[in-house]
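Have a look at the structure below and turn it around a few times. We'll walk through it together afterwards.

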Amino acid sequence: MNAMPPKGDIISRRSFLSWLVKGSLAGSALIGFGMLGRFISFQSEKSPPSQYDLGLVTDYPVGSRKPDLTTQAVIIHDNQGYRAISLVCPHLGCKVNMTSDGFACPCHGSRFLPDGSLRNGPASRPLTTLRIEANAQGHLILYMH
Amino acid sequence: MHRQFFFASLLLFVASGFVLWQQDRSPKPIGITPTITGQVEYCLTCHTDLPEISQSHPVETFGCVLCHGGEPMALTADLAHSTMRGGANPSDLSVVEASCGGEMCHSGTPQVNRDHIQRVTTSLQATYAGAIAQVRYAFGAQPDLTARMGIYAIDGLAAFDRTAESSPALQAFGSNCLSCHLSAQPLEGEAYNRWSGCSACHSPAPREDGTLVHRLTTSMPYTQCNACHNRGNYSLSDLQFHSRGDTPTDRLHDYYQPIAEFTRCEWTLDCEDCHTRQEAMGDGHVYSSKKDIQYVRCRTCHGTLDSLPLTHTITDVNDLSLRLAFLNPVVDLKVGDTILMTDKGELLWNIRVVPGEEGATPTYELFSKAKGERYTFKPVMGSTCQQKPDQQEAHYCHECHATQR
């Protein structure tokens, strides 16, 4: 009797070690390339878009003052047309609140009139007016810069 | 050679796996891009539970790094904290300019009342120049009481160096008695617990168990001041600090000077209700004594027999009093209100004249800055007080108005 299996059915020690080396190298390469890809594709924070589609103009009837949380702006539609005022305080950049008599900064107390002009400091400038236009499809487009 | 290659490949695989495992263990970054800096920072990955430090410094506007320093993109505590300014206290005077300074923040011009850092760094609480001058004079190291030295050198003051003093008493003073200025580390013990720099006054002290309170405030109870001003005395006889031995059980006795007398307003109000910003934080000039800068007297609020206290009527929406009242809204101050004012023109924005009939004796209302409580009082003029108008030191008033202790 011969207890040894046929020679062709077993993996030799040399082959096993060879496959182990190849596997290790392939695994390392996979991990390495994966991490490299993750590193290259990493984007800490997406840059905010320079313009926003605010939806149909019909959503902003005459007389409306609608704050938009995404753009931190208030969209005003009056007899003069559409206007957009940034809700970012020009003093240090806090978000101002809309009040019955205009806007108020909760951080340092600057106040602004309903048209965005400065009522009292410490801000030294009015709220920024942003460009807003209706496009051919009847959507309002707000430009941040 | 084959054996080395085999082990090297295995080692590389294990190392790669370890790095991958480590990366997967890292917390998922939580980033914010503060409005002021526009630079992403990941501090909130670990610090999401921190409360907003104050209404004036919201995190989405200021972020963390602008004030605290540190590595904004790091995701490990050691690396993130490695370049922080002042440890947990960026207001320490050694780093305060980098942390809190800037034209728009706290080192702007006096004209726009943004010169806090310039004023504080010249104040007696920071330089300790008055105490140093008095002790040096007492031991013959200088000919008069004029301030010549401070804890650090500034324009007009050299740095006090105990090793340069020839008197052993002054060397002992330098070793034992410089624990209460704004740059000093507090003495050990809960009673002395406080931060250094701006936070000595404007932030609650670390709790007894070591936990920190993330808060900046202009609403400071008297207990905040007590960490330095009510815990004992430095003795000239042995040049040591002697802590008070009693444990006060009520507010009236929570003063450290056993022989001193106090009127009711002194032990019911908080220190900041009467003492002004310039008294506490300096006015940008170097003084030789606390008496030279601490000028609020009884008559500042109560007037004298022949004069009412000075007043200021708010006519401008940009009036400083409105800004100060906004930061600590204990009183609904508005244009048209009349408030009290010190001899130097400092606005006592928390003390308002109650509108009344023209010609009638006015009534004043004081809103305590820490508690928000309202107190009313009358001027001396028109009262039965017999105090001579030219004798207005507090001890004259105490003769009749001090409370027995």
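What follows is a short tour, going from chain A to its meeting with chain B and then to a sheet in chain B.

First, some ground rules: this is a predicted model, in which local features need pLDDT of at least 70 and side-chain atom pairs count only at pLDDT 80 or more, while totals for chains, interfaces and linings use all residues. Residues are numbered from 1 along each chain as its sequence is written, and chains are lettered from A and ligands numbered from 1 in the order in which they are written.

Let's start with chain A. It has one helix and 10 strands; these are DSSP runs, with helices being H or I over at least four residues and strands E over at least two, numbered from the N terminus. Going from the N terminus, the helix comes before the strands: α-β-β-β-β-β-β-β-β-β-β. The radius of gyration of chain A (taken over C-alpha atoms) is 32 Å, well over the 15 Å that the globule rule (2.2 Å times the number of residues to the power 0.38) gives for 145 residues, so the chain is more spread out than a compact globule. Its C-alpha trace spans about 105 × 40 × 25 Å along the principal axes. The domain assignment, which comes from an automatic or database source, splits chain A into domain 1 (16-41) and domain 2 (51-143). The C-alpha centres of these two domains lie 53 Å apart.

Now, where does chain A meet chain B? In all, 23 residues of chain A are in contact with 23 residues of chain B, contact meaning that the C-beta atoms, placed from the backbone, lie within 7 Å. On the chain A side, α1 (13-41) and β8 (118-120) are the elements that give two or more residues. The largest share, nine residues, comes from α1(A).

Over in chain B, look for an open sheet of five strands in the order β5-β6-β7-β8-β9, with antiparallel pairing; two strands pair if DSSP finds at least two bridges between them. At the edges stand β5 (311-313) and β9 (374-377) of chain B, each with a single partner strand, so one side of each has no neighbour in the sheet. Inside this sheet, four bridges join β7 (residues 347-354) of chain B to β8 (residues 363-367) of chain B. B:R352 stands opposite B:E365 in β8(B).

Notes
Two residues are in contact if their C-beta atoms, placed from the backbone, lie within 7 Å.
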